[in-house]
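Please look over the model shown here before reading on. The paragraphs after it go from single residues to pairs of helices.

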Amino acid sequence: MERVALVRCLPCSSALCRTYLNSHSHACRRSSIPLLSLPRRRRSSRLLTYSSSPPYFRTSSNRFSSFSPRAVLSPSPSPSPPPSPGFPQVKDEVALKLGFQKVSEEFIPECKSKAVLFRHIKTGAQVMSVSNDDENKVFGIVFRTPPKDSTGIPHILEHSVLCGSRKYPLKEPFVELLKGSLHTFLNAFTYPDRTCYPVASTNTKDFYNLVDVYLDAVFFPRCVEDFQIFQQEGWHFELNDPSEDITYKGVVFNEMKGVYSQPDNILGRAAQQANTTYGVDSGGDPRVIPKLTFEEFKEFHRKYYHPSNSRIWFYGNDDPNERLRILSEYLDLFDSSLASDESRIEPQTLFSKPIRIVETYPAGEGGDLKKKHMVCLNWLLSDKPLDLETELTLGFLNHLLLGTPASPLRKILLESRLGDAIVGGGVEDELLQPQFSIGMKGVSEDDIQKVEELVTSTLRKLAEEGFDTDAIEASMNTIEFSLRENNTGSFPRGLSLMLQSIGKWIYDMDPFEPLKYEKPLQDLKSRIAKEGSKSVFSPLIEKFVLNNPHQVTVEMQPDPEKAARDEATEKQILQKVKASMTTEDLAELTQATQELRLKQETPDPPEALKTVPSLSLQDIPKEPIHVPSEVGNINGVKVLQHDLFTNDVLYTEIVFNMNSLKQELLPLVPLFCQSLLEMGTKDLTFVQLNQLIGRKTGGISVYPFTSSVRGKEDPCSHMVVRGKAMAGHIEDLYDLVNSILQDVQFSDQQRFKQFVSQSRARMENRLRGSGHGIAAARMDAKLNAAGWMSEKMGGLSYLEFLRTLEERVDEDWDDISSSLEEIRKSVFSKQGCLINVTADRKNLVNAEKVVSKFVDLLPTSSPVAKIAWNFRVPSANEAIVIPTQVNYVGKAANIYDAGYQLNGSAYVISKYISNTWLWDRVRVSGGAYGGFCDFDTHSGVFSFLSYRDPNLLKTLDVYDGTGDFLRELQIDDDTLTKAIIGTIGDVDAYQLPDAKGYSSMLRYLLGITEEERQRRREEILSTSLKDFKNFTDAMEAVKDKGVVVAVASPEDVDAANKDRPDFFQVNKAL
């Protein structure tokens, strides 16, 4: 079951979750690399992330359970451990002088690091100091924080400690760091039993600044003395006038309302709380959060936020002596405490017999409710933590069962047509005891029992018969390649290692062990070779699942009245609260509401802002990061080459033009991409094809890419095939891509119908959980052609298409199959093809013959007339109505149409608006989980968006006030410098080699030259207050001409249309 980690702020949540090569999401990809490599949809809201999210953002110690479907390599011999390199060391006498004792040290060849475990003598705090040559330095401090109820104390405290501290007495030092540091990661996570505070930066001075702010925040926060911080981040009664109704407000309160609006989240929580020792919600149940008192909040911090209860992590190429010196300044201020004993997590005793839980979830009134049930089977696998080899073997078993579309348990469940999609995360072991969860959603009420029986019968058959040899080899290669490649995307490698280590360390186990996979991997391969895979895996299925009485079955039933009923219950509680108050009480509450809002909306004084450490402009490189790039031609096809060290892996993209595709075929493109990888050829079943990809390559994915191009009416629209392989398998990679493009047969009607049902279920889930993304796509579709195309392939229009298509598959399959073939003929052609290759020079040269052969095999079609993509969704304001307790509110306009001429200062200004005006008014004062803006410099669209927002029209009023905010703005030199530095930090976002090559390719496709990048950088560095003032007209254009899209509850939309008649056209989506 998905274990939740609640996240304070993702500097770029879209980037964190981006899987560069292995992604199996088939949604349309918009440009994410603008002029300066500045990620779009950048947001400062503290978002929610799951441990079962894509492998490059893992809040899980389990390195093996959530790999993407087609990830990876051929077996390699066990390398001999290299000698420990000469990393700087801390001498024992130096450590003792600083108050630390060396406990143990090891060289970890898997991550080429020297790791030393220290113990702070006075407090017992444990410190892991990992030294290597990675410039992306990471720090993290973690506390065990087991809650006793569902008031959300750990989560609220995680938000609150970053709202000012002893050394940094301003409202939110965290936001100041967002504005003005070069951080590559800045965040905080709340797990069910621990709270993590990690930061990362490639700049050493900036890194230590971040470390100091975080240490002061966790040990000496203002929130334990300032009741208003508790009110703001947690919960409070709000009353603007004694004659009005009282409401609840609070950032975490509204965040968790959004969480509890999503059926998958409700299912996961029900299973976790019934199935394990984690019987309460550390994030907070909105029905329980208002029971939390300030005294309980303060006591929780006093008890658990103590060095004796901490685990501290340093990683990277900085001086390990300096690490201990910084820590000693804080830790020496404390004495030892019993916190570590009091926070110990006790294991759940295994049940003697299965139990069943039935819950309801808020559902829309449309459709057949009898077919919207969910069911999930959950097993707690052990009453104690498992050894590493068993854990690794379970990870392999999990991948065999569920890791790819060809995996038998996944395949059989989906082919049964008993449900629309799979739920449950398979094996999850990031908490004290591992568990296994699997089920389906979109299940008919009459089929619940059938799903349960199919799960157990399939597992029993697999235990009896074992797995196919090719499946074993493919899984082995997949996992081994992923471990060795260690491609964490934009997520710092040091943080990924920290989360792995913490998964054992937090339970008083060996923190080194999770970092060392080589020996257990080789032992497992030897066992399989010696005993056979059946002898290895079948006993695990029998012991941990089939013969395990600790089984919890969770059934979720749709309830169209639940959302309204929950709202009514909340209103009744608040009415009783108000009825119990005297006139004086109401006046006092009104005054308290006004005082809190005044504090929230009053800027910090300059002297307080100056306390937050920052860099100077002299610390900033004057030139953009250079990516080596050569443009060549092989047999008439343009080839881009990037000579970068990639550890013997070759990364490639084959890009085809989509500008001759018929308009009516556009919504079929995502399903076409999925079909290429999951339909099979005339010689290979889709299972054999998937296994071949796993055995020979590092993964292949296919997806559409669209973006506006600045100065052009026609959008940039391509289909991208991405792949990677070790140097010895480059030919295999291109041969497989050729087979996928030309040999796949669009003949399996039932599999295609599965794809449609899965996609519909996924889109409906997006509506509930990522409504801001749906709103943004819809606004883009109203404003430009690229947006219209993307929305047809991944927005509300796509969902509507899928619902119609689901009915058509049975009736018009021949027509649909012909349409898929027509897409292939329209897109896959040598004409207009571009090939991008990233590797070191030797492998680039070796690849040229293979690429030449591949190019010669491409079809050569006669030129087809380009389609004029000048379509738009009607520009009326639109409310997309769903059953939810929170809203997602957007407003956007094309500011180029209003006369704005692009200048690099726009990057600084838009980031500043997000981190000041919108943060303060939409989030802090308004109570939304997040509020941010985005400027797509390719199209000219400037967008405002909110996330899990209790308001609707009030938020639009804030957006409309942005021009006045800029008009009245006064910025001193320090504030402006921080804003510029923070923007450069975004522009220079840390990238691994594959991402550098990919970004360079996108700039080439979009016509962005190195000269333009340099010019924009100079404009950023020279941004002035005058630029902010000049941007006012652009914001007034959004106010006056902007289009509004909100994903919102029916009650809030009705109220908005009463307040402003006919403001919204209503589109009921769920």
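**A walk through the predicted model**

Asparagine 486 has a relative accessibility of 26% and therefore counts as partly exposed, since that class lies between the limits of under 20% for buried and over 50% for exposed. The model in which this value was computed is a predicted one. Along the chain, asparagine 486 sits in the loop that runs between α15 (469-485) and α16 (493-505), and its phi is near 55 degrees, which is a positive value in a residue other than glycine. Such a value deserves a remark because most residues other than glycine have a negative phi.

Asparagine 635 also has a phi near 55 degrees, again positive in a residue other than glycine. The loop that holds asparagine 635 lies between two strands, β19 (630-634) and β20 (637-643), and with a relative accessibility of 33% asparagine 635 counts as partly exposed.

Asparagine 635 falls within residues 556-805, a stretch to which the UniProt record, in an unreviewed entry, assigns the feature "domain: Peptidase M16C associated". Over residues 556-805 the chain is 52% helix and 18% strand, and the C-alpha atoms at the two ends are 27 Å apart.

Proline 606 belongs to helix α21 (residues 606-609), and its relative accessibility of 43% makes it partly exposed. Although 369 residues separate proline 606 from threonine 975 in sequence, the C-alpha atoms of the two are 8.8 Å apart in space.

How do the helices α20 and α31 run relative to each other, parallel or antiparallel? The axes of helix α20 (residues 583-601) and helix α31 (residues 905-925) come within 9 Å and cross at roughly 150 degrees, and because angles over 145 degrees count as roughly antiparallel, α20 and α31 are placed in that class. The crossing of α20 past α31 is right-handed. On the α20 side, Arg597, Gln600 and Glu601 take part in the contact, and they meet Asp920, Arg921, Val924 and Ser925 of α31. Sorted by character, the residues of this contact comprise 4 charged, 2 polar and 1 nonpolar.

A second pair is formed by helix α25 (residues 749-769) and helix α26 (residues 771-783), whose axes lie 5 Å apart and which pack at an angle of about 100 degrees. That angle makes α25 roughly perpendicular to α26. In this contact Met763, Arg766, Leu767 and Gly769 of α25 meet Gly771, Gly773 and Ile774 of α26, and the residues involved divide into 3 nonpolar, 3 polar and 1 charged.

Note on methods. Residues are numbered from 1 along each chain as its sequence is written. This is a predicted model: local features need pLDDT of at least 70, side-chain atom pairs count only at pLDDT 80 or more; totals for chains, interfaces and linings use all residues. Side-chain values use heavy atoms; hydrogens and water are left out. Helices (H or I, at least four residues) and strands (E, at least two) are DSSP runs, numbered from the N terminus. Buried means under 20% relative accessible area, exposed over 50%, partly exposed in between (1.4 Å probe, protein chains only). Axes are lines fitted to C-alpha atoms, for helices over the stretch in contact, and angles run from 0 to 180 degrees between N-to-C directions. Angles under 35 degrees count as roughly parallel, over 145 as roughly antiparallel, 65 to 115 as roughly perpendicular and the rest as oblique. A crossing is left-handed if the near helix is turned anticlockwise from the far one by less than a right angle, and right-handed if clockwise. Contact means heavy atoms within 4.5 Å. Ala, Val, Leu, Ile, Met, Phe, Trp, Tyr, Cys and Pro count as nonpolar, Asp, Glu, Lys and Arg as charged, and the others, Gly among them, as polar. UniProt positions are given in the numbering used here, feature names are shortened, and annotations may be inferred rather than shown by experiment.
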